[in-house]
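Subject: Structure handover

Hello,

Please find the structure below, for you to take over. My notes on it follow.

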Amino acid sequence: MELVVQALAAAAALLAVFFLSTLYLSPAATARRLRNAGFRGPTPSFPLGNLREIASSLASNNDTDESNTKGGDIHAAVFPYFARWRRAFGKVFVYWLGTEPFLYVADPEFLKAATAGALGKLWGKPDVFRRDRMPMFGRGLVMAEGDEWARHRHIIAPAFSATNLNDMIGVMEETTAKMLGEWGDMVAAGQSCVDVEKGVVRNAAEIIARASFGISADDDDATGARVFHKLQAMQAMLFRSTRLVGVPLAGLLHIRATYEAWKLGREIDALLLDIIESRRRRGGGGGKKKKKTTSNDLLSLLLAGSEASAGAERKLTTRELVDECKTFFFGGHETTALALSWTLLMLAAHPEWQAAVREEVVEVAGRSGPLDAAALGKLTKMGCVLSEVLRLYPPSPNVQRQALQDVVVVAGDGEKKVVIPKGTNMWIDVVAMHRDGELWGEEASEFRPERFMREGVQGGCRHRMGYVPFGFGGRICVGRNLTAMELRVVLAMVLRRFAVEVAPEYRHAPRIMLSLRPSHGIQLRLTPLC
Ligand code: HEM
């Protein structure tokens, strides 16, 4: 009995030492190293870090004051705490989410210096977000690290080639025609304004589900419809549960939501496994004779690519394919839908650009009829409008990393070196960089697509790393060409069919809810043109 008590006491002591070390001593040591390296920032408290200040700053923020559709400081509206800390500490500083250190970065030169060299060896994805994102992305490309990431990227990138993507235009046209039909019915029924964001999100989900794994919400095949609805349900659930990120043991407060998400995740996995196995059985992956795929969705292309190539290292297992399908769905539809929603708003608020882009569409592709890749490629003005929207309203408002080892940053003249300690997270504030007057000039907050006409793909940004709507380096978005195509198809079809104006009901209140989104939808007045 005495032995048991002693063993229990020893176990309790070990546990206490473990918690003391990981939750307090180790963060305190990192804090000391960051201070010694010269990084300043708001004072954190244990165990919340700076979360209390973030929450109170958000609560007292008046979202209508700071910005409007013509310009204004949306950075201060969506990240009031960062805006305040930037004024006090500059474009690089340290803040804490719970016991997790975050290096805030809105200085492209620092970003370049910190991520130069062997990016994959120095920086990974933050552990602190990993558990939350696991049900959505599994171990797919977004979450994979090191050699595993390189292997996945190598297999996946070719599926997004221009030739493959061209085959998806038809799917995009079909689903968009349905959305426009619904909008037409609403207008015909006398509805004075339409929340276009709803339709656009739904359309983007439908497109990505069909483009990724050939399933549809209206599928005759019940499995397809079930996967689609469960994916949407999981996303809504993960959105609802706001978490005390970085606070020790805070996950216990969300056990139910976490469990529900995992349960949905398992159900989705099982349904996707069925779809993949049946494709494999039908030879959807091409097989030895490189049979034509049953359809040209990304899953078929991955199956074909993976089975046609020789070594096992070039193959994705069925489990990995499941994760990639989920990754495409979650990584691809929300972002694209938001880009499109903000574009419709900007065109409604800037009628001169709306008229110019519509004229261009009619000139290169006519007033009706199918679109093709060649015509889409000629939509130069539309391309500039889209680039400007991605600058002002980047759907991915930040990019995060975690130092996998001590990272030495050689600043500016090569004289000054600072060390970012292993384990430190980096929070790259894309919104701040995209609206920084020092990088873009005085009109940084204004909608001026002409800057991309004049200055090319970087829009005249004074630093190469100052415009990063799709991320940077080797981890740049693999789906960006698919997005470019989808945005062009949908926008061309909308502009051919309707003129858009901002409805009086619309309230401009961009918010960060993982992505940069409108708080109250996007209400537009639609006038049919044909
Ligand atoms: C407007 C639309 C989109 C935006 C703004 C966007 C943004 C981004 C950003 C910023 C990253 C880098 C993340 C990081 O470095 O941590 C990224 C990566 C990624 N995106 Fe996108 N994305 C869009 C559309 C898509 C689409 C349509 C797909 C797929 C069908 C997709 C799939 C991915 C994947 C798989 C990665 C991970 C790449 C890697 O780590 O190698 N994205 N995206």
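How many of the five residues of strand 10 are buried? Four of them are, and strand 10, residues 425–429, is mostly covered. Before the rest, please keep in mind that this is a predicted model.

The sheet around strand 10

Strand 10 belongs to an open sheet of five strands, in the order 3-4-10-7-5, with mixed pairing. Strand 3 (92–97) and strand 5 (123–124) are at the edges with a single partner strand each, so each has one side without a neighbour in the sheet. As background, the strands of a sheet pair through backbone hydrogen bonds, and they do so either parallel or antiparallel.

Both kinds of pairing can be seen at strand 10. Strand 4 (residues 100–105) runs parallel to strand 10, and four bridges join the two. On that side Phe102 stands opposite Asn425, and Leu103 stands opposite Met426. Strand 7 (residues 398–403) runs antiparallel to strand 10, and five bridges join this pair. Here Met426 is the bridge partner of Arg401, while Asn425 is the bridge partner of Gln402. If you want a place to start in the viewer, take Asn425, which has Phe102 opposite it and Gln402 as a bridge partner. Met426 can be read in a similar way, with Leu103 opposite it and Arg401 as a bridge partner.

Further along the sheet, strand 7 also pairs with strand 5, in the antiparallel sense and over two bridges. In that pair, the bridge partner of Trp123 is Ala403 in strand 7.

A second sheet

Three strands make up another open sheet, ordered 6-14-11, and its pairing is antiparallel. Its edges are strand 6 (194–195) and strand 11 (498–502); each has a single partner strand, so one side of each lacks a neighbour in the sheet. Strand 6 is joined to strand 14 (residues 523–528) by two bridges, in the antiparallel sense. Within strand 14, Leu524 is the residue that Val194 stands opposite.

Helix 11

Helix 11 covers residues 196–213. Its 18 residues reach 26 Å from the first C-alpha to the last, close to the 26 Å expected at 1.5 Å a residue. Helix 11 is mostly covered, with 16 of its 18 residues buried. Gly214 follows the helix and has a positive phi, near 70 degrees.

One residue of helix 11 to look at is Arg202. Is Arg202 buried or partly exposed? Arg202 has 18 other C-beta atoms within 10 Å, and a residue needs 20 or more to count as buried, so Arg202 is partly exposed. Its C-alpha atom is separated by 17 Å from that of Thr327, and the two residues are 125 apart along the chain.

The ligand

Which residues are closest to the ligand? They are Gly332, Thr335, Gly471, Cys477 and Gly479, out of 23 residues that surround the ligand. By class, the shell has twelve nonpolar residues, nine polar ones and two charged ones. Helix 15 (318–349) and helix 22 (480–497) each supply at least two residues of this shell. The largest share, seven residues, comes from helix 15.

The chain as a whole

The protein chain has 22 helices and 14 strands. Its C-alpha trace spans about 85 × 60 × 45 Å along the principal axes. The radius of gyration is 24 Å, which agrees with the value near 24 Å for a compact globule of 530 residues. Of those 530 residues, 44% count as buried. Among the contacts with a separation of 6 or more, 72% are between residues 24 or more positions apart.

Regards

How values were computed:
Residues numbered from 1 in each chain as written. Predicted model: local features only at pLDDT ≥ 70, side-chain atom pairs only at ≥ 80, totals over all residues. Near = placed C-beta within 6 Å. Nonpolar A, V, L, I, M, F, W, Y, C, P; charged D, E, K, R; others polar. Expected span 1.5 Å × (residues − 1). Buried ≥ 20, exposed ≤ 12 C-beta atoms within 10 Å, placed from the backbone. Pairing = 2+ DSSP bridges. Rg over C-alpha atoms; globule rule 2.2 N^0.38 Å. Contact = placed C-beta atoms within 7 Å.
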